[in-house]
Amino acid sequence: MPLQHPRIHTFDDYQDAWRRSAENPEQFWAGVAEPFTWRRKWTSVLKADLVGGHNEWFSGAKLNITENCLDRHLTTRGNKLALIWEPNDPKTRQIRYTYRELHQQVCMFANVLLNNGVEKGDRVCLYMPMIPQLAIAVLACARIGAVHSVVFAGFSATAIADRVNDAQASVVLTSDGLNRGPKQIPVKRVVDEALESCPSVRRVIVVEHLGWPVQMLEGRDVWYHDEARDVSKTCPAEEMDAEDMLFILYTSGSTGKPKGVVHTTAGYMVWADYTFRNVFQVRENDIYWCTADVGWVTGHTYLLYGPLLSGASTLMFEGIPTYPDAGRFWEVIDKHGVNVFYTAPTAIRSLMTTPLDNVLSYSLDSLRILGSVGEPINEEAWHWYHTHVGKGRCPVIDTWWQTETGGIMISALAGVSPIKPAHAGQPLPGVQPVLLDQEGRELEGNDVEGYLAIKAPWPGMIRTTYGDHERARQTYFGVYPGYYFTGDGARRDHDGLYRIIGRVDDVINVSGHRFGTAEIENALNENDYVVESAVVGYPHDVKGQGIYAFVICNKPVAEGEKARVEASIIETIVAQIGKIAKPDKIQIVSGLPKTRSGKIMRRILRKVAEGETSNLGDTTTLLDPGVVDEIIRGRK
Ligand code: WTA
């Protein structure tokens, strides 16, 4: 009988685990790691370095994460459902794979990769719809030790090219097209455009999904179904070092270029499993559904790796919450008997604006636990979710974490910890959050607010930014040396529960998607009309934050011309980044509020965007205070 993973059942268990993890992290994590399948055990549990950012977990160990996701479940859970796929169109057939079948599919895909020359350490870029082959392909990469870099299939050709080139990927996996609600999108065409500027790519493997005709470039492009025809259904797993790279995932920061966050094998595995198991408290026969796209970290850790490591049944949904109507989420929950449901506040807020009947006409009896992730959940949305979806009986947990943290850091454990609306709550075992003031001093006690930082390493933490460790060091470990800096502000209330306030850097969070203001400005500046721009976030009822762009054009724009110029600017953003980064408001201005040293005073622009124009603070240091009045008059 395989060793059992310990599970926290009571609040006393939680407090005890947290205390043990802080007092003796190495002993604690060695115990958590023990039940996994290791080819060889570690020689040291933790090598910590919160100054240089060189942290290692379980070094010396050998393993393959897919043996832990798949092979080790085959004896006890071979016939249990591993992956359930719900298509975009409810009339299309669903697909269900047991652990045994998923294992086979992953081995076959891995063999196709091997036959196409993919080797351990190669970077493979995946630009694919939410179809089972995406999950299978991710695991297939891990099976043979290739590094997966999934790029969300809503990004533009330019954005793909940037990421492929940064990672120097040699292979791209894609599909003919994708469904998004009523629309179909020709994915392969976007890839073709991207690859015109990606010399490192020598092979493209295309999965047929829509049955659309596509251009296949002789010598570069192959169909997955042709390649898979005669491959073996078994594939030995590559033996990986604990600290070998598992994946790269690009995310935005305060500088212009998105960075490739690197996670490695053993620490990420232990963290994904431990956090999934304890936060969601999933039971053996549960159906678990995380609505995130695999293109984001939530899809990596809580759609794929966490659930499969824990032997759960995970549901993958191709579609959107409003297709064919705004009851789709609830229809899917009833159809599959979903017990644990994990989604984003933006989805809840958008569904809240539709008639209540959309949710009330479903039973939702199967639900036991509800989760939220990606951005602060406001109290109104929290209560709507709790009352109308959870019928008042399901705990709603608000889970705070980041691409860089690999998994959940601060959250209630469902049914175990006390819950307070709009508060993430307490740190998971292994997590030591602190609040810092401007000077980097720790704020003691409760009822305090400051910069959220973490003062001890945890297994799932970022290891580096691909190809540029110095960037990771500066961004995460250099701001307050000795701490991992999150970029978020938070409050610790009188009960010691954390409430995340939002970003304190130049990152905006639009519908749970992160963008750097500099990244959007760089894209705006590519437009022929635009000579300079400044982007800020502002509160948005559904998206959390909206994008407000102030732009200076190369010549005065007449009133009648504005719509055309704005349309052109939007087109540029869509081409440079993708539809998800479309500004909500564009204001053409003749100047920007700058200090005498030339720095844009974003504080003022933020206030204008928020509509708080009566109290702009001190503007006397501005080079041209008059520009502010013009901006206020032209406010959208
Ligand atoms: C924000 C998503 C408040 C936060 C997993 C963080 C949240 C950024 C929450 C990371 C939450 C995530 N409450 N804010 N429960 N969860 N955030 O990398 O600002 O896409 O820094 O990871 O989202 O976004 P990322």
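**Close-up 1. H336, a buried histidine in helix α12 of this predicted model.** Start with H336, which counts as buried because its relative accessible area is 9%, under the 20% cut-off. The residue belongs to helix α12, which runs over residues 328-336. Look at the side chain and you'll find a partner: H336 makes a polar contact with the side chain of E86, at 2.8 Å.

**Close-up 2. D334, in the helix that also holds H336.** Helix α12 is home to D334 too. Is D334 buried or partly exposed? With a relative accessible area of 30%, D334 is partly exposed, whereas H336 is buried. Now bring L367 into the frame: D334 and L367 are 33 residues apart along the chain, and their C-alpha atoms are separated by 8.9 Å.

**Close-up 3. P324 and its cis peptide bond.** Here we're looking at the link from Y323 to P324. That peptide bond is cis, and its omega is near -5°. As for where this sits, P324 is in the loop between β17 (313-317) and α12.

**Close-up 4. The surroundings of the ligand.** Now for the ligand, which has 17 residues around it. Which of them come nearest? That would be D398, T403, D488, R503 and R514. Sorted by class, the shell is made up of six nonpolar, six polar and five charged residues. Three elements each supply at least two residues of this shell: α11 (297-309), β20 (396-399) and β25 (498-503).

**Close-up 5. Polar atoms facing the ligand at T403, R503 and P376.** Zoom in on individual atoms and you can pick out some partners. An N or O atom in the side chain of T403 is 2.6 Å from an oxygen atom of the ligand. R503 also has a polar side-chain atom by a ligand oxygen, in this case at 2.7 Å. P376 takes part through its backbone: an N or O atom there lies 3.4 Å from a nitrogen atom of the ligand. How much of the ligand does the protein bury? Taken alone, the ligand exposes 530 Å², and the protein buries 96% of that.

**Close-up 6. The largest cavity, with β20 in its lining.** The model has two cavities of 30 Å³ or more. The largest has a volume of about 60 Å³. Its lining includes W382, A412, P418, K420, H423 and L497. Strand β20 gives the most to this lining, with three residues, and β20 also supplies at least two residues of the shell around the ligand. D398 links the two views: this residue lines the largest cavity and is one of those that come nearest to the ligand. By class, the lining has eight nonpolar, two polar and two charged residues.

**Close-up 7. The second largest cavity and its lining without charged residues.** This one has a volume of about 40 Å³. Among the residues lining the second largest cavity are N64, I65, M240, M245, L246 and T265. What classes of residue make up the lining? There are six nonpolar and three polar residues, and no charged ones.

**Close-up 8. M128, buried in a loop.** Follow the chain to the loop between β6 (123-127) and α6 (132-144), and you'll meet M128. Its relative accessible area is 2%, so M128 is buried. For a sense of distance, include R40 in the view: M128 and R40 are 88 residues apart along the chain, and their C-alpha atoms are separated by 34 Å.

**Close-up 9. Q281 and S511, two residues with positive phi that aren't glycines.** Q281 has a phi of about 50°. You'll find Q281 in the loop between α10 (265-280) and β16 (287-290). S511 also has a positive phi, near 50°, and its place is in the loop between β26 (507-510) and β27 (513-516). What about accessibility, buried or partly exposed? Q281 counts as buried because its relative accessibility is 9%, while S511, at 22%, counts as partly exposed.

How values were computed. Residues numbered from 1 in each chain as written. Predicted model: local features only at pLDDT ≥ 70, side-chain atom pairs only at ≥ 80, totals over all residues. Heavy atoms only, no water. Near = heavy atom within 4 Å. Polar contact = N/O pair within 3.5 Å; in protein donor to acceptor, adjacent residues only side chain to side chain. Areas by Shrake-Rupley, 256 points an atom, 1.4 Å probe, with all protein chains shown as cover. Helix = DSSP H or I, 4+ residues; strand = E, 2+ residues; numbered from the N terminus. Nonpolar A, V, L, I, M, F, W, Y, C, P; charged D, E, K, R; others polar. 1 Å grid on protein atoms, 1.4 Å probe; cavity = no way out; pocket = protein on both sides within 12 Å on 5 of 7 lines; lining within 4 Å. Points joined across faces, edges and corners; volume = space filled by probe spheres on them. Buried < 20%, exposed > 50% of the residue type's maximum accessible area, 1.4 Å probe, protein only.
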